[in-house]
Amino acid sequence: MTKKTHSQPRSEHGATGSYVIGFVLSLIFTIIPYHLVVNKVLSGNTLLATILGIAVLQMFIQIFFFLHLGRGPKPFYNVVFFFATAGIIVLVIGASLFIMNNLHYNMAPDEVVRKQAQDEGISQVEGKTTGACQGNKDNHIVVIKGGVARPAHTQASRCDTLTFLNQDEGKREMVFGPHPNYHSYGGEEMVVLDDGRPETITLNETGGFMFHDHLYPSLSGHLTVAP
Amino acid sequence: MTHHTNAEAISVHEEAANDRVMFGFWVYLMTDLLMFAILFAVYAVLHGNTMGGPTGRDLFNPKLALSETLILLTSSFTAGMGMIAARRGIKRQVLVWFGITFLLGLAFLGIELFEFAEFIHEGHTMTVNAFLSSFFVLVGTHGLHITSGLLWLAVTLIFVIKRGLNSHLVRKLALLSLFWHFLDIVWIFIFTVVYLGAFV
């Protein structure tokens with residue numbers, strides 16, 4: 001009996017105060033990030049880092065004032081186990097984000113989705129237009145012979161088709177944009193032309209474009225696609 | 001005198017058993033935390049993959065999320081107060097504090113289900129895109145934890161009403177409040193990463 005009356009009221013007395021302090025601090029650290037985000041006090045990565053920092057702070061507040069972790073000699077293993085878990089969590093989340101961002105960067109999924117949609121003539125994906133053509137109009141032919149593309153300039157309208165015909169020996173790799181900083185056209189990264197075989201693309205992007213052979217940059221031509 | 005030493009021996013024995021149970025439960029909580037960490041990692045990776053559909057910024061209502069946070073935080077606090085009453089052996093206070101905890105937990109769950117129902121009604125179901133899949137799985141898993149916590153709490157409170165506060169039930173309540181504080185901490189990160197993060 002003496003043991004109980006001696007040990008319990010002290011911890012209880014501290015406990016009530018501890019819960020109240022923890023509760024008030026948690027309220028404050030909930031309202032602050034909400035205010036920062038909703039009223040746009042900060043922005044971008046600063047804001048993200050700040051609200052994440054406040055969340056971690058609030059976690060430690062609750063662990064200390066609500067869970068009473070690390071207070072008193074007993075829950076030593078709990079503290080060790082908690083920090084071991086926290087370490088694994090940082091590793092799992094950090095590594096996942098690192099790996100997947102890298103993958104995302106190298107795959108450019110938006111382009112892939114757009115390309116697929118265009119290939120299949122899907123004009124909208126989730127309410128966004130893909131620029132896919134529903135029906136093709138005129139066909140334009142660019143003949144490659146003797147290392148020269150003819151005609152040098154092609155005037156077309158959107159949804160026309162363009163056929164590259166390679167009459168030289170060897171492979172041609174047609175890309176869009178000036179050498180060496182080429183870019184994709186309508187999701188098309190590269191038009192590969194084997195000997196004598198024509199390849200046709202749909203002109204779904206409007207504007208003026210330059211195309212050239214990635215392997216022989218001097219072989220080039222222009223293309224204008226009117227809306 | 002002999003009676004006194006016996007009682008003390010039992011209480012020392014019980015305390016050791018309590019410590020073991022507490023540590024075991026703590027191990028469970030940490031593994032559960034790891035599971036949530038993986039769901040967070042999945043959400044962090046996939047939250048942008050909306051297939052051109054609406055993003056979190058278009059869908060989430062920050063006021064609703066804030067009210068959920070405040071409700072759960074308050075319920076965590078009342079669970080703590082209930083635990084103090086349980087250690088003091090005051091049954092009536094235990095029922096009042098944990099009763100409030102239960103009602104607040106129910107209110108939290110109600111808001112969450114309201115939000116889910118609204119999304120589903122508007123066609124934003126978990127099969128639409130990777131963002132919605134990871135959102136529903138992460139937040140839904142937390143909601144399932146809350147649901148099981150509420151069931152556990154209800155059963156324990158019925159036992160308290162019927163049998164009174166014994167050491168066994170006090171230990172159960174201690175585990176329950178540990179579980180409840182833990183769910184509150186997980187929710188802070190859902191609130192920050194999912195709901196506030198969408199507006200960054």
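**Figure 1. A close-up of I63(A) in helix α2 of chain A.** In this predicted model, I63(A) has 18 other C-beta atoms within 10 Å and is therefore partly exposed. The cut-offs help here: a residue counts as buried with 20 or more such neighbours and as exposed with 12 or fewer, so a residue in between is partly exposed. If you look for a companion from elsewhere in the chain, try G22(A): the two residues are 41 apart in sequence, yet their C-alpha atoms lie 9.1 Å apart in space.

**Figure 2. Helix α2 of chain A beside helix α6 of chain B.** Here we stay with the helix that holds I63(A) and turn to its partner across the chains. The axes of α2(A) and α6(B), the latter spanning residues 167-196, come within 10 Å and cross at roughly 175 degrees. An angle over 145 degrees counts as roughly antiparallel, and α2(A) and α6(B) are therefore roughly antiparallel to each other. On the chain A side, the contact is made by I51(A), L52(A), A55(A), Q58(A), M59(A) and Q62(A). Facing them from α6(B) are H181(B), D184(B), I185(B), I188(B), F189(B), T192(B) and L196(B). By type, the residues of this contact divide into eight nonpolar, four polar and one charged.

**Figure 3. Strands β7, β10 and β11 of chain A.** Begin with β10(A), residues 207-213, which is joined to β7(A), residues 172-176, by three bridges in an antiparallel arrangement. To find your place in this pair, look for V175(A), which stands opposite H212(A) in β10(A). β10(A) also pairs with β11(A), residues 220-226, again in the antiparallel sense, over six bridges. Within that pairing, M210(A) has H222(A) of β11(A) as its bridge partner. A hairpin of six residues links β10(A) to β11(A).

**Figure 4. Chain B and its helices.** Chain B has six helices and zero strands, so no β-element appears when you follow the order from the N terminus, α-α-α-α-α-α. Of its 200 residues, 38% count as buried. Among the contacts in chain B with a separation of 6 or more, 82% are between residues 24 or more positions apart.

**Figure 5. Confidence along chain A.** The mean pLDDT of chain A is 80, and 77% of its residues reach 70 or more. Confidence is highest in helix α2 (residues 44-65), with a mean of 93, and lowest in strand β1 (residues 124-125), with a mean of 64. Over residues 1-10 of chain A the pLDDT is below 50, and this stretch has two contacts beyond near neighbours in sequence. Where pLDDT is low, please do not read the predicted coordinates in detail.

Methods: Residues are numbered from 1 along each chain as its sequence is written. Chains are lettered from A and ligands numbered from 1 in the order in which they are written. This is a predicted model: local features need pLDDT of at least 70, side-chain atom pairs count only at pLDDT 80 or more; totals for chains, interfaces and linings use all residues. pLDDT is the predictor's confidence in each residue, from 0 to 100. Helices (H or I, at least four residues) and strands (E, at least two) are DSSP runs, numbered from the N terminus. Two residues are in contact if their C-beta atoms, placed from the backbone, lie within 7 Å. Axes are lines fitted to C-alpha atoms, for helices over the stretch in contact, and angles run from 0 to 180 degrees between N-to-C directions. Angles under 35 degrees count as roughly parallel, over 145 as roughly antiparallel, 65 to 115 as roughly perpendicular and the rest as oblique. Ala, Val, Leu, Ile, Met, Phe, Trp, Tyr, Cys and Pro count as nonpolar, Asp, Glu, Lys and Arg as charged, and the others, Gly among them, as polar. Two strands pair if DSSP finds at least two bridges between them.
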